Amino acid sequence: MTDRIDDHSISTELSRELKLFHLTMMGVGMMIGAGVFLGVGNAIHYSGPGGVLLTFALNGLVAMFTAMSYAELSSAIPRAGGAYNFARVAFGRSTSFVAGWMEWFASSVAGSLYAVTFGIYTLHYFEQLGLLAWLPVELHTAEKIVAILVASLFVYINYRGASETGKTGALFTLGQMITLGIIGIAGIWIVVKEPSRLQNFQPFLPLGWSKLLVTMGFTYVAFEGYEVIAQAGDEAIEPQRNLPKAMLYSIFFVTLTYLIVAFAAVVGVKAGSPGVEGAVWEWIGSFNEKGFGMAVQRLMPFGGFLVTLTVIFASTSALNATIYSATRASYALGRDQMLPNIFSKISLKQKTPYVALFGTAVIVLVVAGLLPTMDVASSASMMFLLLFFLVNICVIKIRRDMGDELQYGYLMPFFPVLPILAIIIQATLAIWMHSMSMIAWIIAPGWILTGVFIYFLYSKSHSISTSYEIITLEEEKAEETAAYRVMIPVANPNNAIQLVRNGFKLLEAKQAQVELLNMVKVPEQLPLYNAEEYMWEGREAITEAMIYLTTYFPVTTTIRYCRNVARGIISAAREKRINMIIMGWKGKTTRKDYIFGSTIDPVIQKAPSNVLVFKNCSETLYKKILVPISGGPNSRLALEVAGIMCDPEGGYIVPLNVSPPGSEILDIEQFIAKECDPVVGQKVLEPRYKISRQISDAILAEVEDFDLVVIGASNDQALAQLIRSTIPEEVADRCDKSMVMVKATEGFETLVKRII
Amino acid sequence: MDINLVLGLIIMVLAFGFMVYLMLYSRKNIDTIAEKKLTNVRQIMREMRHDRSN
């Protein structure tokens, strides 16, 4: 089976106009939204005056972990699409489509919520001023009409261009930051004036620590702003630098803002003042989501007006950001033809994806105008949480699989501890999220199932390949008769024959099923559909190797395309459940970042199988074989390979252990007796022991008397790749004799040790 | 004194402090990568290790 390659170019591109300031403000605008007003009152109600501060501090920290995952991935894959893009690179088409489909809906519905919030608060304020007596319709209907009007206005602003969207968003976000800043300063000022107000924080956690999980659960999704920043990959100036910075700055500003205004709300109410009975926190909490507004009214003159003004600023900046985010999510689906290509159409004049914007507008307006918005919006929270899970998994998988080929602008520290921690904490918080309404329970699964349906009916067959994918160009399968599978990646006809000759005895000993693989290299600057033009050399190499092997072994041949050859080989080894990979190495590499080269190093490090690397080998059997060993699985495999390559007519193996002075010396005979096949043991002569600080030199001094050296790779490959000076690799580099370096499959225990 | 108040304040300061540390560290990391024109994980890790050892 082969994959389809399409021309992936887009004639018109989005324009890069968003600076760090715009991006940060978009993130802040989306995060503060209505969360601060609804969240503060409820958090005080459930967890008390100290609980609200702890809730925002801890949620800010957990959100920072996920923001760092977004930041790392956005710096490496700076394209419109956010979580969809990351999932596409990490997991392929089906998972990414569902992610993009959820992103589109969740952001659109969040937009509807902000539009409706704007309508409710604006009209409520006018009503208080007595300006709505003339209304010919019910207040509820008027709120919906205002919501539709404001949503339409921001759809138009989004249509005008990224610059207009960014500037408008920044303006409204600045407005809300100023009003929230005034509230915060008023809170601090009142404490300076009346320090006794700090007594409002006692008891700090009147309902206990367990309630913190409840409040963290229902306020966590408010920290979702990095999603909109990730969508701006195609429109940000210097995206690799500005996207991650904007994400991290916005989380910091939002957490600080939440902490200050929550503090102001608690100290804003004087204990024992008229109407305040009992503890202050109980009084604020009794108003639930309106608690923040009630507290601010007590804090300062015109507090009610200020809160209304802040809600208007907050809901409009969040509306602006969510429409932007949802539009880019659907644009990305159209760009990769997961949805009809028309979704990726870009206006020539405005440089905005107008069809995707129109689709988003339909969802926003229908939900805002015709559906019970609050109920529908609660499903968006769950979808955002699922996306955060996914992105934290993606960051681990992508760095592991593609760390060598992607160009990162940022690497998160404490990797992979922080993304794993974020996954665990988010899973815990998900349990405590607000229970969704019945309508949300119908709409959320309904939307996801519709997406799955569309994927199988349309996207699966229409979507185009991205440059990160591995594409099978040709494959001829042999009948599967052997359990042991050996993969031989061949690059050109000149080395193909030599490589299969080198491995012949191993294939024979293992009675192996052979997989000949050629990875087609296409220059970065050329599009994917050029891959077939570069196949001829690989075809020739495979044909040469086939001629040599096909009489003796079942041989499957595959020609694949991947921008990174190493990833292609590792992926094929994983997919075909390969037991051993045989590769050739010419000697010195010109790349200073690598020991053996940009292909062999990652294969040794990450392949899920045994790996053998041959250097200067021209024979199939050898008489005198030196095996430097230090114990462990690589030494065991080295002895096994030496045993197979040892000439039965007078060949012998000499194991050598070189230890630094004062260290424990490996008992070679005991090791061989315990770990190796008795057949190998019969070929082994008296072991040699040497004590030396210069281990590499000591090994190299011994090799002169031998035809072949078989050495196990460094046990800690991650470290070896990093410092490029471990002993086996140094010996391999300096040894002029025929040589095989072996690396055994990592067992579970070794893998866990390495990760730790 | 309310033990929850003391514990709560310590946790809050630690959480917020760690957040600030992560932000500042990340900002330095982003600027270093851009200034030294580092690209893949291998190069960046090596540079970070080199920085730490200095």
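User: Let's start with strand pairing. Which residue is the bridge partner of Met580(A) in β6(A)?

Analyst: The general idea: strands in a sheet pair through backbone hydrogen bonds, either parallel or antiparallel. Here, in this predicted model, Met580(A) is bridged to Asn610(A). Further along, Met583(A) has Val613(A) as its partner in β6(A).

User: How many bridges join β5 to β6 in chain A, and do they run parallel or antiparallel?

Analyst: There are six bridges, and the two strands, residues 580–585 and 610–615 of chain A, run parallel.

User: What about the pairing between β6(A) and β11(A), parallel or antiparallel?

Analyst: That one is antiparallel, with five bridges between β6(A) and β11, residues 738–743 of chain A. One pair to look up is Phe614(A) with Val740(A) in β11(A).

User: Is β6(A) largely enclosed or not, and why?

Analyst: Largely enclosed by the rest of the structure, because six of its six residues are buried. To read that on the model, check the two faces of β6(A) in turn. Asn610(A), Leu612(A) and Phe614(A) are buried on one side, and Val611(A), Val613(A) and Lys615(A) are buried on the other.

User: Zooming out, how many strands form the sheet, and in what order?

Analyst: It's an open sheet of 11 strands in chain A, ordered β1-β4-β3-β2-β5-β6-β11-β10-β7-β8-β9, with mixed pairing. The edges are β1 (471–476) and β9 (688–691) of chain A, each paired on one side only. Ignoring direction, neighbouring strands are turned by 20° against each other on average.

User: Which strands does helix α19 of chain A touch?

Analyst: Helix α19(A), residues 565–575, packs on the sheet against β2, β3, β4 and β5 of chain A, and its direction makes about 150° with that of β3(A).

User: Now a helix: is α14(A) mostly covered or not?

Analyst: Mostly covered, with 23 of its 30 residues buried. For its length, trace residues 373–402 of chain A: α14 reaches 41 Å from first C-alpha to last, close to the 44 Å expected at 1.5 Å a residue.

User: Last one, the contact between chains. How many residues come from chain A and from chain B?

Analyst: In general, interface size is often given as the accessible area lost when the parts come together. Here we can count residues instead: 35 from chain A and 29 from chain B. On the chain B side, the elements giving two or more residues are α1 (3–35) and α2 (41–53). α1(B) gives the most, with 19 residues. By type, that side of chain B divides into 17 nonpolar, seven polar and five charged residues.

Terms used. Residues are numbered from 1 along each chain as its sequence is written. Chains are lettered from A and ligands numbered from 1 in the order in which they are written. This is a predicted model: local features need pLDDT of at least 70, side-chain atom pairs count only at pLDDT 80 or more; totals for chains, interfaces and linings use all residues. Helices (H or I, at least four residues) and strands (E, at least two) are DSSP runs, numbered from the N terminus. The expected span of a helix is 1.5 Å times one less than its number of residues. A residue is buried if 20 or more other C-beta atoms lie within 10 Å of its own, exposed if 12 or fewer, and partly exposed in between; C-beta atoms are placed from the backbone. Two residues are in contact if their C-beta atoms, placed from the backbone, lie within 7 Å. Ala, Val, Leu, Ile, Met, Phe, Trp, Tyr, Cys and Pro count as nonpolar, Asp, Glu, Lys and Arg as charged, and the others, Gly among them, as polar. Two strands pair if DSSP finds at least two bridges between them. Axes are lines fitted to C-alpha atoms, for helices over the stretch in contact, and angles run from 0 to 180 degrees between N-to-C directions.
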